[in-house]
Every structure is written in structure tokens, then in C-alpha cells.
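User: I'm new to this one, so could you walk me through it with some questions and answers?

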Amino acid sequence: MAQRVWKTTPSAGTSSGTSVRRISVDWLNLFGILFSGLFLVSFIHWFSEEDGGFLPKTVLLLYWTLGIVFVTEAARARNRFLHRVLQFVLLLVFFGIALGYTPIWEKPKTVGQFGQLFLENAEQLYPYLWFGMGTWILYLFTIWWMKSKKRIAIALILGVLAMALRDSFSLVYLWDEAAWLILCGLFLLVIRHFGSLRDKSPDNWGYIADYPISSITPIVLLLTITVGAGTLAPDVNNVLTDPYTLYMRWEGEPVTVPGKLKELASPILPTTRGLSGYSRDDSGLGGGFDYDYATVFTVETSHRSYWRGETKEVYTGSGWQDSRATRTAQMLDISGKEDAFVPDSRLDLSKRKTVEVKQTITFLEKSPKYDIAFGAFELSSLTSVNNKDTGFDAAWRSPSAELLWGEGGRPKTYTVTSEMPILDENGLRKSPMTYPEKAQLGTYLAVPDSLPERVRTLAADITKEASDPYSKAKALETYLQTTFPYNNKPDESNSSSKDFVDRFLFETLQGYCDYYSTAMAVMARTIGLPTRWVKGYSSGASPFDEMTPQEIMGRLGERDPNGAGTYTVHNSNAHSWVEVYFSGYGWIPFDPTSGFVVPYADDPSQPTKEPVQPEQASEPSISSTNDSSGISFGGWTFAGLGVLAAAGLVFWYAAGIRRGRWTPVWLKRMIAASRPEPNYDRLLVKEFERVLRVFRRRGFPVLEHETARETVDRWRQKDSWLSSDLEKLLALFEKAKYSPRSVTEEEAARAAGLSRKLRKDR
């Protein structure tokens, strides 16, 4: 056989094999560093799934830390000490920029002042910097540890074992993390094998160095396809299980640990079609979406409100369009200072009372540039644009009460004044069913001829006991709010009706704001109530929504009863609702979406309602649900006891086999006597508390004086993303906590699935 000749040119004093080694070692080291970091990613994701674990912001910063360390390790300096110093400085600068660090400096005169100054600066980076530095040190240790195949095998086995034990004895799912861990470990073993081959057999390594793609591609494909196929494979019953479950089944006893609940709970998620946000095209409604929490604008207002954008009048059976009259309506050009908007001349507003609301709306630079101005209903004047009080490039459309921006486009900030209607329920109940202006409101009463008759029949049945227009509108609103669960991903796979409203009311039976609002607008028209479909944003989040209960209690005196303050509005706050016309009062907003309430203005001439004090609550508050008795099945205590029990069982069975006998009778009796009775009520309550803790970390405060239902209702006023799953879990929690009837194993399993879905959805 002919001797192979290397293509590389050896340097003076070295052999060709040594030259190849110097060329190749950098690539092996680079991939070793890469997969060592990816090995740690699975643990970071694991800890983010735990209750009290890493917050999303922490996870993002840790991923950035791994990336910075990888880049700096790949471009390593010759001086190792200098290299580590530069890494530290680079990480420090990164965390300072990411966390918005502002230096605090004054010349210290004593050691105590210097220490205080240091703490004041360090507090701005706490605790994220310590997590980042810990990750940096752990990454360097992992790179050092993964230098041999034996160490890699030890790390892989221990990591998979830890995840398997945690997955088996808790409600945390770690299948994907374990698969990722195995994939990274296998790649590290391959890399170290190549390193050993390079050192021990330069001739064979030379072939791989000359033809790397043909050598490495089969390995990469084999590992990726194998692990990927295993991850994507459908769920099947376990062939092997943990020792505790194995023993209990062998004894013929039911398994009552949460592992059983996980086996029973397997929620199927509908298909997602987009992200939440404001859209101008409403011709085809429906489909699912994921929540986008990007900030759109902030509102500094004298009264909490919905931020209305535009209306649509024509329902087509599949969506909404502008009417011909709206498209051709004459618009009022605005070019002066504090121009007042002309109200719709067709309307009778003789009995309407309003409250003046002033708002300053400021958009983020990257926010969509809609040509619609948002503000509280009903806009009455535009006072400034981009902090200038003249030269407004905008136009007012009177019939739909919309403010449109001109050729200059949407400004960065503007200030408007609104006349917010006061809800006079007594007066509205006296409004007539016959509208003198009905001829001018024909567009708002029209429904397509193709609308199924059962929609009309249902609307008539719901409102048959109501004798006035307002009561009829409230009956429709209440029916929709209480009958259909909210779901941002409604399952329409079994729906056949071509009409959007009919499909929602009789087939889909779930949906989000577009479903509820369209259904109310159309049903109200079938019974003679003029309606229009409205789009905009719900209120958004105020600073009080981000506070802890202790902070809120300490600042109750600062909270304005009208909700005045600054609100942050996100894409997830995009919303739709309904306006119903009442003769003498004009358009009044209604929100039929489950969990939402329209902010109305209070009549300043009426006495202010006294707030309910904590001691007046008729039901136990959420804070009273803390139950410290018993063992926490989802906690680390039970995981540790489970490991010890498994080791004990293995020891006893091994001893029994050697001596020709099985487990002693006395041990069986002791285990049977110490076996706890299943308490599904307690398990379900703890699942609900897990959800509360996760939501609190995501910016949904829990107030001590509120009941669980009051808290959930307040959350829904803040954000529209909350799904019907929370309502279902709340109903199960109330049964477990307050009902004399205990929940069943199936209900506990369903609660476990709902809890997992709610904690993973955001």
C-alpha cells in the first residue's frame, strides 16, 4: 500500500503530524467550548421551569453570558491572567448596559463611606450580576471538566439521573432538557474521541483533517436524527418506571404521587396562527394567536379608560368592513390650536353627561405607525402634537368619531381631550325602544341575509325578559361573558358553519375578544339595537399593577379613585368591544368578553363609593390558602425521600435474592401502615398556589385582602391574554378549598395539566 503524503508544510523543527495537530487542535477546542456551553443551557432551562426559579430576564442574561464567554474563549489571549481580567470587564460592562446601570459617585472620606458607595452601585446590578458571574465560573469549570471522555460520561450520567429523578417526583417536565443534555454529551464524546485519535494516530487523523465533511457529516446526522426522533416521538406508556411506582403497582396499589397526575394530564394545544396586536384588516376574523408583550405606547391620563381607535359598521358574515358612508364621509381638517371636534349631527345627545379626560400618549420608536389616533371615548379636541400646539396634520371623521393622522404620519407623542360618558343606568333604562333617528342609523342595524336564523332566535330568547334597550344590551353582554370560555387558540377543527357568529355561538363555543364583540354586535342588531364594532386597546398596566401587596398597602393614599396615572400599553392589550346607541345618550360602550370590564366615568355629583376594607371580605382571602401541613409532593424534600426509598428498596431486594427470599412481611406491613392516604384537595390547592407564584413573578400582583376570584377578575382587567384555563383551574380550586365535597383523582389530574399549561404559555 502506498504511503500517504500530507498536504501541509511542516515548520522548522516539527514533523508533519505535529503540524497537522497544531492546525486541527483549535477546531476541536472550539467545538469543545461550544458544546460545553450548550450542555449548561439544559440546566438553565430546567431551573427556569421550577417554582421560584430563574425569571425570564435572568435566563436571557445567562444566555448572553454564555455567548460572551464562548466568543472570548474562542479568541483566547496568550496571557491567561490578562484574558480572565478582560472577560470579567467585558461581562461587567455588558451587565451594566443591559440593566441600565447609572454610576453613583462622590468622593468617600472614610472606609465606611466607601463601602456604602460600593453597595449603592452594586445594588443596581443585584442579583443578576451574581448569577452571571456564577455562570461564567461554572462555564470555565465545565470546559476544564470536559477534557476527558470519562469525565464527560460522569457529567452526562449524573445530569440525566438528576433530571429523571426530578421529572419522576414532581410536576416539572424535563424530557426536552434531558434530550438536549444527551445530544450535547454525545457530541462532546465524539470531539474527545477525535482528540484522542489525533494524538495517538496521526496517520488516521490526517485523513479526517483532509476530508472533514465526509467524516463528520454521518456522525452529526446520526446523533441529530436519533435524538430528534426520540424527542418528537408520540407519548407511549412507560416500559420502565421509578422504583416507588414499580413497587406500588406490583403490590396492586394505586399510585398517588404527582407522577401519576402527569401521566393523566396531556393537554392538546390548538394551532397558533399569529401574534397579538392591533390590525387594520378585519375582513376575516378567527384563528389563534400567541401573546406579544412588546410595549406600544404609554398613556398619562386623568382617568382610566379603554384607548379607542376605530369602528367598523358592516358585518359580512366573516368579518367587518367600513360602510360606504364612512369611507366617503367628509373629514374636518385640523390645523390650529386646540381644535374642537364636531359630534355626529345625526345623534340625540340631549341627556348625555360626560367627564373631561385629558391624555398624553407617547409611542415607542419601534411601534407600528398606524394612521389612527388612540384615546378615551369620545375625543373632543387635540391640544398638541410632538409638544407643539399648532400645525396639527390630522383630520376628524365625525360619524365614526375617529381621529386620522395626515401625510406626516403618526406622531411620537400627542395630547388629546375626551368627553367620557357617565353611565346613567337609571336613565338608560328609560330610553325608548323606538328610535326617532332610526332612518339615519340603518347601517348600524344591518345584518347579512345569510345570517342563520338560530342566531336571531337565541338573541330573542336571551332578551325576552328585558323591557328596555339597556336591559336587553346588558342581558346579551352578561350571557356572552358567562357562557363561553376565553381561549386565544380556539379549536375550530370541528366547525362547519360559514358564518363567524353562528360558528362561535353553536359550534366553537370558545374564543377571544373578536368572537365575543362580534357576536354581541350582530345579536343586538337582530333585536333592533343599533351597534358598531370598536377596536383599540384595553387600559394597560399602571405602576400599582407592578407593586407587591406590601407596597400597595403602604401607598393606598396615593391611588387616585378615577385611576389617574401613567399606563403602559402592550401588543397583548389589543382589544375589541361594542358600542350601542341609545336615544338621548349617544353611543355607550359594552364589553361582552369574559373577564373584561369597561372603565366608566363616575358622576362627580354622586357620592363616592366606599372601598371594601380587608376585614369586610365575606370569603377567605388567597393568603389564607397557605397550608404548611403534610409533605409537598412537588418539592425537593419529597425528591430526596424518594431517592432514599428507592435505594432502600434496591438494597432489600438484592439481599432477599441472595438469601433466597423476597421482602420480609414486617417490612410490607410497615410500608402499608405508613402509606399516606391520597389528599387530592391539598394537591389541587398547592397547584393553584404554584400558578399564583408564577403569575406574581410575571407582574400580576396578589393582594392579601382579595379572594381568589377577585384577584383573577382584576388580572383580566389588566391583560386580555388570560385564557379560560385560569377560570377552569379557579373553579377546581374553589371546590377543593371551600366545597364539602372532595375533588376526584381525575379533577386533580386535570388541574395539574391546566397548571402546567398556564405556567408554560407565557
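User: Which residue in β14 does Y537 stand opposite?

Analyst: Just so you know, this is a predicted model. In it, β12 and strand β14 (residues 574-582) pair in the antiparallel sense, over seven bridges. Within β14, the residue opposite Y537 is A574.

User: And which residue of β12 is the bridge partner of K312?

Analyst: Here the strand to look at is β2 (residues 307-312), which pairs with β12 in the antiparallel sense over five bridges. K312 has its bridge partner in β12, and that partner is W533.

User: How many of the residues in strand β12 are buried?

Analyst: Take the two faces in turn. On one side T531, W533, K535 and Y537 are buried, and on the other R532, V534 and G536 are buried too. Strand β12 (residues 531-537) is mostly covered, and the buried count is seven of its seven residues.

User: Which residue in β15 stands opposite V580?

Analyst: β14 and β15 run antiparallel, joined by five bridges. They form a hairpin with three residues between them, and G584 in the turn has a positive phi of about 95 degrees. Strand β15 (residues 586-590) has five of its five residues buried, so it is largely enclosed by the rest of the structure. Opposite V580 stands I588.

User: There's also an open sheet of three strands; what is its strand order?

Analyst: Start from the outside: β5 (331-334) and β10 (402-405) are the edge strands, each pairing on one side only. The twist from one strand to the next averages 25 degrees. With antiparallel pairing, the order is β5-β9-β10.

User: Which residue in β9 is opposite L332?

Analyst: β5 and strand β9 (residues 394-397) pair in the antiparallel sense, with four bridges between them. Across from L332, in β9, is W396.

User: Is A401 buried or exposed?

Analyst: A401 is found in the loop between β9 and β10. Its phi is near 55 degrees, a positive value in a residue other than glycine. In general, most residues other than glycine have a negative phi. The relative accessible area of A401 is 5%, and the cut-off for that label is under 20%, so A401 counts as buried.

User: What is the phi of L509 near?

Analyst: L509 lies in the loop between α16 (500-508) and α17 (513-526). With a relative accessible area of 39%, L509 is partly exposed. It is a residue other than glycine with a positive phi, near 60 degrees.

User: Which two residues does a cis peptide bond join?

Analyst: Most peptide bonds are trans. Here, omega is about 0 degrees at a bond leading to E378, which lies in the loop between β7 (354-363) and β8 (379-385). The cis bond joins F377 and E378.

User: Why is the ring pair of W405 and Y414 called edge-to-face?

Analyst: A search of the whole structure finds 44 aromatic pairs. W405 and Y414 have ring centres 4.9 Å apart, so with planes over 60 degrees apart the edge-to-face label applies. W405 is buried at 7% relative accessible area, and Y414 is buried at 1%. The plane angle that settles the label is 65 degrees.

User: What about Y512 and Y515: at how many degrees are their planes?

Analyst: Both of these residues, Y512 and Y515, are buried. Ring pairs link them into a cluster whose members include F289, Y291, F504 and F596. The centres of the Y512 and Y515 rings are 4.9 Å apart and the pair is edge-to-face, with planes at 80 degrees.

User: R151 lies over the face of W144, but at what distance from the ring centre?

Analyst: R151 sits over two rings here. The charged end of R151 is over the ring of W145, 5.1 Å from its centre. For W144, the distance from the ring centre is 4.2 Å.

User: About how much space lies in the largest cavity?

Analyst: The count comes to seven cavities of 30 Å³ or more. Residues that line the largest cavity include S305, Y306, F377, W577 and P589. The space in the largest cavity is about 110 Å³.

Key: Residues are numbered from 1 along each chain as its sequence is written. This is a predicted model: local features need pLDDT of at least 70, side-chain atom pairs count only at pLDDT 80 or more; totals for chains, interfaces and linings use all residues. Side-chain values use heavy atoms; hydrogens and water are left out. Two strands pair if DSSP finds at least two bridges between them. Helices (H or I, at least four residues) and strands (E, at least two) are DSSP runs, numbered from the N terminus. Axes are lines fitted to C-alpha atoms, for helices over the stretch in contact, and angles run from 0 to 180 degrees between N-to-C directions. Rings of Phe, Tyr and Trp (its six-membered ring) pair if their centres lie within 6.5 Å; planes under 30 degrees apart count as stacked, over 60 as edge-to-face and the rest as tilted. Buried means under 20% relative accessible area, exposed over 50%, partly exposed in between (1.4 Å probe, protein chains only). A charge sits over a ring if NZ of Lys or CZ of Arg is within 6 Å of the ring centre and within 35 degrees of the ring normal. On a 1 Å grid over the protein atoms alone, a cavity is a set of points where a 1.4 Å probe fits but cannot get out, and a pocket is an open set with protein on both sides within 12 Å along at least five of seven lines; lining residues have an atom within 4 Å of a point. Grid points are joined across faces, edges and corners, and a volume is the space filled by probe spheres set on the points.
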